[in-house]
Amino acid sequence: MTTETIKTGESGSARKLFGGGNLRQFGILFSLIAIILLFQYLTNGLTLSSGNLINLVSQYSYILILAIGMVIVIIAGHIDLSVGSVAAFVGIVVATSMKDWNLPWPLAILFGLFVGMLIGAWQGWWVAFVGVPAFIVTLAGMLIFRGGNQLIGNANTVPVPPGFTTIGSGYLPEVGPYTGYNNLTLLLGLIIVIAVIWREIRARRVQRIMGSTPSPLWVSVVKVVLLDAVVIYATFLFAGGRTGTSFPVSGIILGVLVLVYSFITRNTIFGRHVYAVGGNKLAAELSGVKSRRINFLVMMNMSILAALAGMIFVARSVASGPQDGLSWELDAIAAVFIGGAAVSGGIGTVTGSIIGGLVMAVLNNGLQLLGVGSDRVQIIKGLVLLIAVGVDVWNKKQGRPSILGFMTRNRKTTPAPDEPPMVVPDSGTPDTARPPASMPS
C-alpha cells in the first residue's frame with residue numbers, strides 16, 4: 001500500500017465524517033462555523049443567544065425556502081429572477097382574498113399555493129415548450145408580477161387575520177408540565193437526536209448488505225456525537241427563549257421542505273433527471289429523459305415555493321405591502337452559489353444551498369448586531385458572494401476541486417473530485433442520469 005493510498009484513505013474517512021459530501025461544501029460549512037464564532041466573540045455572546053437564534057430562523061426562513069427551489073432551477077441550467085415579485089404578488093392576492101372575500105385563512109393558503117402553481121405553469125410553458133430562455137421569461141415575470149402586486153393592492157398595505165400569522169410569526173405552543181423550557185421544542189430535539197443515531201446505524205447496515213466496506217466505527221461515533229451535541233445545544237437555546245417563544249413554525253416548515261427536497265433530488269427519478277438535464281441536456285435526451293417536462297416542472301415548483309415564501313413573510317409582517325419581495329431573488333441566488341452550485345448547471349445540493357443561505361443570514365444578522373449600516377452590509381455581502389464563487393472558479397481552472405483544494409495544494413495526495421462525474425446510461429434507462437451519491441473507494 002502506497003503513501004498516497006494511505007493518505008487518500010484518511011481523506012476518505014474525513015469525507016465520510018462530514019457526510020460524504022464534496023469538498024466545496026466542507027469549506028462552506030467550516031466558513032459558516034467560523035463566521036458564527038467570530039460574531040459570537042464580537043457581539044459578546046449575542047449571536048448564539050436564545051432570542052437572536054429564534055429571530056434568525058423566523059426572519060430568514062422565507063429566503064431559505066426560496067433557496068431550495070432556486071438550487072433546483074440552477075441545477076437544471078436556468079435562473080429565476082421573478083421569485084421576489086411572485087412572492088409579493090401571491091402575498092397581496094392572499095391578503096386581499098381574506099380581507100375582501102372573507103376566505104378562511106387555511107383555504108387562503110391553499111389558494112395562494114394554487115396561484116403560485118398557475119404562475120409557475122405559465123413561466124414553465126414559455127421556457128420548456130416555446131424555448132424562451134428562463135432568464136428572459138422570469139425577467140418579464142419580475143416586471144409583470146411586481147406591477148400586479150401594486151395594481152391589486154393600490155400600492156397600499158393589506159392586513160391579514162391573526163390565524164394566518166401563525167405560519168410566519170407563530171411558535172411551538174406550551175404543553176405539559178412546567179420545566180423552564182418549551183416542552184415541544186425539547187421533544188423535537190429528542191426526535192432529531194434519535195433520527196441522527198438511527199440514520200447512521202441504518203447507513204452502516206445497508207453498506208454491509210450491499211457488500212461495501214462501511215467507514216471505520218470511530219468515524220460514525222464521532223460524527224453522531226458531534227451532530228447530536230450541536231442538536232442538543234441548539235434545542236436548549238430554542239427551548240429556553242423568553243416566555244411565549246420557542247422554535248418558530250416557519251422553521252418547522254423549512255425543515256420539512258429540506259427533508260422532502262433532499263430526498264427528491266437524491267433518491268428519485270425526477271431528481272436524477274434534473275441533474276442530467278443540467279449537466280448535459282443532449283445526452284440526457286438521448287438517454288430518454290424528457291427535458292421539456294423536467295424544465296416545466298422545475299419552473300412551476302419554483303413559483304410554488306415562492307408563493308409559500310411570500311405568504312410566510314406576509315404572515316410575519318402581519319400585512320402585505322408594495323415593498324414585499326424586493327431583491328429576494330438575489331439573496332436566494334447568492335445562497336445557492338455560495339452553497340456550491342455551478343453556474344453552468346448540473347451541480348448543487350439542497351443542503352449546500354441551506355448552508356450558503358445561513359452564511360448570508362448569519363453575516364447579515366451579525367453585522368446588524370454590531371450596528372453596521374445597511375449600505376456597508378450590502379457591500380460586504382456582495383464581496384462575500386464574489387470572493388466565494390471567484391476563488392472556487394479560479395481553483396477549478398487550476399485543476400483544484402474546491403477552496404479546500406487551494407488550501408491543501410502542496411499536499412501530495414490524490415484529490416477527490418469536486419463532484420462525481422455525470423453518468424449517462426447507454427442502455428436507455430434514465431434512472432442513473434445524475435451524479436451517483438458516492439464514488440467507490
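Which residue follows α14, and what is the sign of its phi? In this predicted model, α14 is followed by G340, and the phi of G340 is positive, near 110°. That helix makes a handy starting point for a look around the rest of the chain.

The chain as a whole is built from 17 helices and two strands. It runs to 441 residues, and 48% of them count as buried. Contacts also reach a long way along the sequence: taking those between residues at least 6 apart, 76% join residues at least 24 apart.

Back to α14, which spans residues 328-338 and is mostly covered, with nine of its 11 residues buried. The buried ones are W328 and E329 at the start of the list, then A332, I333, A334, A335, V336, F337 and I338. Two of these, V336 and F337, turn up again as contacts of I74, a residue of helix α3 (residues 50-75). I74 has a relative accessible area of 1%, so it falls under the 20% cut-off and counts as buried. In sequence, I74 and V336 are 262 residues apart, yet their C-alpha atoms are 8.1 Å apart in space. Besides V336 and F337, and leaving aside neighbours within four places in sequence, I74 is in contact with I79, A341, A342, G345 and G346.

What about the nonpolar cores? In soluble globular proteins, nonpolar side chains tend to be buried together. Here the largest nonpolar core holds 71 residues, and L66, I68, M70, V90 and F164 are the ones with the most contacts inside it. Helix α13 (residues 291-317) gives the most to this core, chipping in 14 residues. A second, separate core has 25 residues, among them F247, V359, L363 and V377. As for L66, once residues up to four places away in sequence are set aside, it touches V83, M302, L305, A306, A309, W328 and A332. W328 and A332 are both on the list of buried residues in α14.

Next comes a pair of packed helices. Such a pair is described by the angle between the two axes and the distance between them. For α4 (residues 83-100) and α6 (residues 134-153), the axes come within 8 Å and cross at roughly 25°. An angle under 35 degrees counts as roughly parallel, so that is the label for α4 and α6. The crossing of α4 past α6 is left-handed. On the α4 side, the contact is made by G84, S85, V86, A88, F89, I92, V93 and T96. On the α6 side, the residues are G141, M142, F145, R146, G148, N149, I152 and G153. Sorted by type, the residues of this contact come out as eight nonpolar, seven polar and one charged.

Finally, two loop residues deserve a quick look for their backbone angles. V318 is not a glycine, but it still has a positive phi of about 70°. It is found in the loop between α13 and β2 (319-320). The relative accessibility of V318 is 41%, which lies between the 20% and 50% cut-offs, so V318 counts as partly exposed. S327 is not a glycine either, and it too has a positive phi of about 70°. S327 is found in the loop between β2 and α14. With a relative accessible area of 38%, S327 is partly exposed.

Note on methods: Residues numbered from 1 in each chain as written. Predicted model: local features only at pLDDT ≥ 70, side-chain atom pairs only at ≥ 80, totals over all residues. Heavy atoms only, no water. Buried < 20%, exposed > 50% of the residue type's maximum accessible area, 1.4 Å probe, protein only. Helix = DSSP H or I, 4+ residues; strand = E, 2+ residues; numbered from the N terminus. Contact = heavy atoms within 4.5 Å. Core = buried A, V, L, I, M, F, W, Y, C linked by side-chain atoms within 4.5 Å. Axes fitted to C-alpha atoms, helices over the stretch in contact; angles between N-to-C directions. Parallel < 35°, antiparallel > 145°, perpendicular 65-115°, else oblique. Left-handed = near helix turned anticlockwise from the far one by under 90°. Nonpolar A, V, L, I, M, F, W, Y, C, P; charged D, E, K, R; others polar.
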